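Visitor: I would like a close look at a single helix and the parts around it, taken slowly and residue by residue. Please go on afterwards to other places in the chain that can be described with the same care.

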Amino acid sequence: MAIILAQPEFSGTVQSFLAKSARMLIDGQWVTASAGDVIPVLDPSSGRKIAELIDATAPDVDLAVAAARRAFDDGRWSKIPPVKREAAMQRLADLMQANADELAELEAVDNGKTKQMASMVDIPAAIGALRYAAGWTGKLPGAHQEPWGMPAETFHTYVRREPIGVVGAITPWNFPLMIAMKKLAPALAAGCTVVLKPAEQTSLTALRLGELIIEAGIPDGVINIITGRGLISGDALVRHPDVNKINFTGSTNIGKAITCAASDTLKRVTLELGGKSPVIVMPDVDINEATSGVARAIFFNAGQVCVAGSRLYAHRQIFDEIIDGVANAATQMKLGPSLASDTEMGPLVSELQRERVMSFIDSARSEGASIIAGGEAAESEGYHVSPTVIADVNPDMRVMREEIFGPVLCVSRFDDLDEVAAQANNSNYGLAASIWTKDVSVMHKLGAKIQAGNIWGNCHGLGDPAFPFGGLKQSGVGRESSLEGILAHTELKTMMIKL
């Protein structure tokens, strides 16, 4: 494991953005907070403070929700021709594309991921989500239905879809801009207005997006952006009576708390929560291809991915070869700062997250597991944890039961399909899984047995805005992306007209 130490200097464009005073976007205007508290923004690659955010309180949330409520009720977005909504969304996508390099750099210095990864994954995915949803603005389906119990031609009956209203979007810190856009885009396509609260650890790209929203000419109040801690501003947003829907991505425990809080006003909720995704490798695979895929599934974004392939089940016939290959990939990986061109894995998002990940590794040691690669907090300025592979685990160990959200892989053997399906399903989570085999019959049989909302074959973690994304069991409620994600921001209304 090589360590690259020094974070390169930020670009002039990013330095200029970071020099701006802390502010939020409410009703088309940049505003300061009702109170004077701020949150420091730290570069995970160095631990140094690079900016400040407003720590919004309930009065700030009230202002943002009131702006979104006015913008929805007066129809400045929902009642304009869909072609105009689509054009505005495409203008915003064009502006994001024109500023993609700056957005990628901001994401890197805020989150710790490499700029190369942000450029190749985060920013294109955010733009793609926006363009895809924009295409649905004038195509949301309704239905004409003849009544079942009445004579023909006595009633005209139809079902229409209407935007749900004001949406509170609360996003996590691992893919800040991409997940923010996965919530904004379908809400906008459906005709809703939004209050976006990004994670307090990673709000920079959301604020830069706010500048582009104004430049794109999206009407005031349609998108409002508040910053602050989830326990204060996030909770106020969830409980606000004028918010019709909450769309949240984050931990399962917080998702449960949001469900309880939202129930006071019976808000609609979409929750994309935790995962403990199994990766199953059959004996007929190409060893090199499978090994590379397994390593990417867990070490991508330093393991800070809800669908990270954190539980590996390799068939006994090829177990040793797969584990040796993944362990070798872990030890050869270059760790370093987010802007260094040769960094392969950046730091974790914060010191707190590094401590959490190390607590899992320590618990595995204490419970009798074997660390066969990594297992250390790397000696560097940033919040690095070395890519880690853990063997000799059992289902009762903490590292096998809980979501770690770090570069930590637990490995187990299996002999037959029923056995590995039972092991894969032995989890409170059901977000994702991947199956590696050349046998199409095995792929389909095993895929049908696994309890997960997303299953990949001979790949892991790929996404596309045309397909629904979400989980089973305690991995969430509802689906994002695709037409399903847009329809989740609508309500059905039945019209029965006597002729």
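Guide: What follows begins with one helix, moves to a strand beside it, and then visits some other sites in turn. The model is predicted, and the description should be read with that in mind.

The helix is α15, which covers residues 440-449. Just ahead of the helix stands D439, and at the start of α15 a side-chain oxygen of D439 comes to within 2.9 Å of the backbone nitrogen of S441. Within the helix, the residues that count as buried are V442, M443, L446 and G447. Viewed down the axis of α15, these buried residues fall within an arc of 125 degrees, so they line one face of the helix. The cover over them includes the strands β13 (278-281), β20 (432-436) and β21 (454-457), together with the helix α14 (417-425). On the other side of α15 the exposed residues are V440, H444, K445 and A448.

Of this exposed group, A448 can be described further. With a relative accessible area of 68%, A448 is exposed because the value lies over the 50% cut-off. Taken against a remote point of the chain, the C-alpha atom of A448 is 45 Å from that of G47, and the two residues are 401 places apart in sequence.

One of the elements that cover the buried residues of α15 is β20, and this strand holds W436. At 3% relative accessibility, W436 counts as buried, because the value is under the 20% cut-off. Leaving out residues up to four places away in sequence, W436 touches V279, I280, V281, M282, D284, V285, E289, A290, G293, N458, C459 and H460. Beyond these contacts, the side chain of W436 makes a polar contact with the side chain of S434, at 3.2 Å. As a separation on a wider scale, the C-alpha atoms of W436 and E344 lie 24 Å apart, with their positions 92 residues apart along the chain.

A second pair of elements to consider is α4 (residues 100-111) and α5 (residues 115-134), which pack at an angle of about 115 degrees with their axes 8 Å apart. Their crossing is right-handed. From α4, the contact draws on A100, D101, L103, A104, E105, E107 and A108, while α5 brings K115, A118, S119, D122 and I123. Sorted by class, the contact of α4 with α5 has 6 nonpolar, 5 charged and 1 polar residues.

Turning to buried sites elsewhere, G165 sits in the loop between β7 (155-163) and β8 (166-170). G165 counts as buried at 0% relative accessibility, and its contacts, leaving aside neighbours within four places in sequence, are with R69, F72, C192, T193 and N244. The C-alpha atom of G165 is separated by 9.3 Å from that of A190, a residue 25 places away along the chain. Another buried residue is T252, at 7% relative accessibility, and T252 belongs to helix α9 (residues 252-262). When residues up to four places away in sequence are not counted, T252 touches L273, G274, Y429 and Q474.

The loop between β6 (143-144) and β7 holds E153, and M150 also lies in the loop between β6 and β7. E153 has a positive phi of about 65 degrees although it is not a glycine, and E153 is exposed, with a relative accessible area of 71%. M150 counts as partly exposed at 36% relative accessibility, because that value falls between the cut-offs of 20% and 50%. Apart from residues up to four places away in sequence, M150 touches F155 and M496. M150 and S386, which are 236 residues apart in sequence, have their C-alpha atoms 69 Å apart in space.

A positive phi in a residue other than glycine is found at S481 too, where the angle is near 65 degrees. S481 lies in the loop between β23 (476-477) and α16 (482-487), and at 15% relative accessibility S481 counts as buried, whereas E153 is exposed.

Conventions. Residues are numbered from 1 along each chain as its sequence is written. This is a predicted model: local features need pLDDT of at least 70, side-chain atom pairs count only at pLDDT 80 or more; totals for chains, interfaces and linings use all residues. Side-chain values use heavy atoms; hydrogens and water are left out. Axes are lines fitted to C-alpha atoms, for helices over the stretch in contact, and angles run from 0 to 180 degrees between N-to-C directions. Helices (H or I, at least four residues) and strands (E, at least two) are DSSP runs, numbered from the N terminus. A crossing is left-handed if the near helix is turned anticlockwise from the far one by less than a right angle, and right-handed if clockwise. Contact means heavy atoms within 4.5 Å. Ala, Val, Leu, Ile, Met, Phe, Trp, Tyr, Cys and Pro count as nonpolar, Asp, Glu, Lys and Arg as charged, and the others, Gly among them, as polar. Buried means under 20% relative accessible area, exposed over 50%, partly exposed in between (1.4 Å probe, protein chains only). The arc is that of the directions from the helix axis to the C-beta atoms. A polar contact is a pair of N or O atoms within 3.5 Å; within protein, one must be able to donate a hydrogen and the other to accept it, and residues adjacent in sequence count only if both atoms are side-chain atoms.
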